[in-house]
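Trainee: I would like a close look at one part of this structure, please. Choose a buried spot, tell me what surrounds it, and then lead me outwards from there.

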Amino acid sequence: RRRVTMGGFTRLIDEDEGLPPPSRSNSNSNSTTTRLKKLLPDVSAGLVSTLLVLVLNVSGAGLVCADAALRPHVDILVVLSLMCTAVSTAVLACLSPTVVVVNIDAFGASQFYHMARHIVAHEPAPAAPFCTTLVAMAVASLIIGLCFLLLGVLKAGKAVQFLPSPVMAGYLASVGYVLVDSASTFLTECPLIDPGCIWQSPERL
């Protein structure tokens with residue numbers, strides 16, 4: 001407020017009193033700027049999530065189809081992985097109150113990789129390993145999903161707090177070992193439990 005004297009009378013008026021109201025154009029521009037500022041983080045997060053989903057899905061499909069008998073079908077598995085990711089994300093977006101980004105699980109991809117190698121080694125028909133691998137992956141995913149659903153209904157997750165820390169550390173370490181072993185077998189065709197394989201064939205590196 002400020003003191004103004006006019007015609008011998010003194011009065012207190014607000015600083016903004018008598019000023020013209022803000023124009024509608026300025027108000028609209030400020031509103032647009034605010035909306036853009038709020039939209040920018042969402043767009044950035046969406047782009048990063050999309051890039052992450054693409055890279056991990058392609059990498060997971062390449063890992064599962066690392067064997068020579070499955071390699072010609074890697075493009076089909078990439079498309080199927082992306083479709084499953086899109087459908088799962090859409091379903092969870094409709095049912096979950098929080099934002100969820102669905103993606104292929106690295107540990108599951110390594111398990112599917114070992115399963116695919118076992119199927120190829122024991123499948124006599126040359127064209128059947130890929131179909132058998134797809135069916136095995138679908139059945140395994142369905143069983144795992146039902147187990148997770150049952151654990152969620154029973155609220156068995158509360159039992160995790162009673163597990164000792166060394167047990168959880170050992171589990172996480174085993175997951176890391178499986179991932180590293182899968183990567184080693186994928187890149188050099190030599191598992192970690194057979195280090196002599198690399199020494200005998202250094203050209204694998």
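Mentor: Happy to! Let's start with a pair of side chains: those of T85 and N57 are joined by a polar contact of 3.2 Å. Keep in mind that this is a predicted model, and that every value here is computed from it.

Where does T85 lie? T85 belongs to helix α2. Its relative accessible area is 8%, and since the cut-off for buried is under 20%, T85 counts as buried. So our starting point is a buried residue with a polar contact, through its side chain, to N57.

Now step back to the helix that holds T85. Helix α2 covers residues 74-95, which makes 22 residues. From its first C-alpha to its last it reaches 32 Å, close to the 32 Å expected at 1.5 Å a residue. T85 has company in being buried: L77, V78 and S81 of α2 are buried as well. Looking down the axis of α2, you would find the buried residues within an arc of 105 degrees, so they line one face of the helix. What sits on the face turned away from that buried side? There you meet the exposed residues V87 and C94.

Next, let's look for open space. The largest pocket holds about 1300 Å³. Its lining includes two or more residues from each of α1 (24-64), α2, α3 (106-122), α4 and α5 (165-188). Our helix α2 is thus one of the contributors to this lining. In total, 33 residues line the pocket, and those nearest its centre are C84, S88, D105, F112 and S141. By residue kind, the lining divides into 22 nonpolar, 10 polar and one charged.

Let's visit the other contributors, beginning with α3. S110 lies in helix α3, and at 1% relative accessibility S110 counts as buried. Here is a nice example of how folding brings parts of a chain together: S110 and V180 are 70 residues apart in sequence, while their C-alpha atoms are 9.2 Å apart in space.

Helix α4 comes next. Its 26 residues, 128-153, should span 38 Å at 1.5 Å a residue, and the end C-alpha atoms are indeed 38 Å apart. The buried residues in α4 include P129, F130, T133 and M137. Look closely at T133, which is a threonine like T85, and which lies in α4. T133 counts as buried because its relative accessibility is 2%. Which atom does its side chain reach? The side chain of T133 comes to 2.7 Å from the backbone oxygen of P129.

Just after α4, the chain passes K155, which takes a positive phi of about 55 degrees, although K155 is not a glycine. This residue is found in the loop between α4 and α5. Is K155 buried or exposed? Its relative accessibility is 58%, and the cut-off for exposed is over 50%, so K155 counts as exposed.

Beyond that loop lies α5. For its 24 residues you would expect a span of 34 Å at 1.5 Å a residue, and the end C-alpha atoms are 34 Å apart, which agrees. The buried residues of α5 are V175, V178, D181, S182, S184, T185 and T188. Right after α5 comes E189, with a positive phi of about 60 degrees.

Finally, place all of this in the whole chain. The secondary structure comes to six helices and two strands. Reading from the N terminus, the elements run β-β-α-α-α-α-α-α. Of the 205 residues, 19% count as buried, and T85, where we began, is one of the buried residues. To retrace the route on your screen, find the contact between the side chains of T85 and N57, follow α2 along its buried face, and then look for the largest pocket, whose lining α2 shares with α1, α3, α4 and α5.

Technical notes
Residues are numbered from 1 along each chain as its sequence is written. This is a predicted model: local features need pLDDT of at least 70, side-chain atom pairs count only at pLDDT 80 or more; totals for chains, interfaces and linings use all residues. Side-chain values use heavy atoms; hydrogens and water are left out. Helices (H or I, at least four residues) and strands (E, at least two) are DSSP runs, numbered from the N terminus. The expected span of a helix is 1.5 Å times one less than its number of residues. Buried means under 20% relative accessible area, exposed over 50%, partly exposed in between (1.4 Å probe, protein chains only). The arc is that of the directions from the helix axis to the C-beta atoms. A polar contact is a pair of N or O atoms within 3.5 Å; within protein, one must be able to donate a hydrogen and the other to accept it, and residues adjacent in sequence count only if both atoms are side-chain atoms. On a 1 Å grid over the protein atoms alone, a cavity is a set of points where a 1.4 Å probe fits but cannot get out, and a pocket is an open set with protein on both sides within 12 Å along at least five of seven lines; lining residues have an atom within 4 Å of a point. Grid points are joined across faces, edges and corners, and a volume is the space filled by probe spheres set on the points. Ala, Val, Leu, Ile, Met, Phe, Trp, Tyr, Cys and Pro count as nonpolar, Asp, Glu, Lys and Arg as charged, and the others, Gly among them, as polar.
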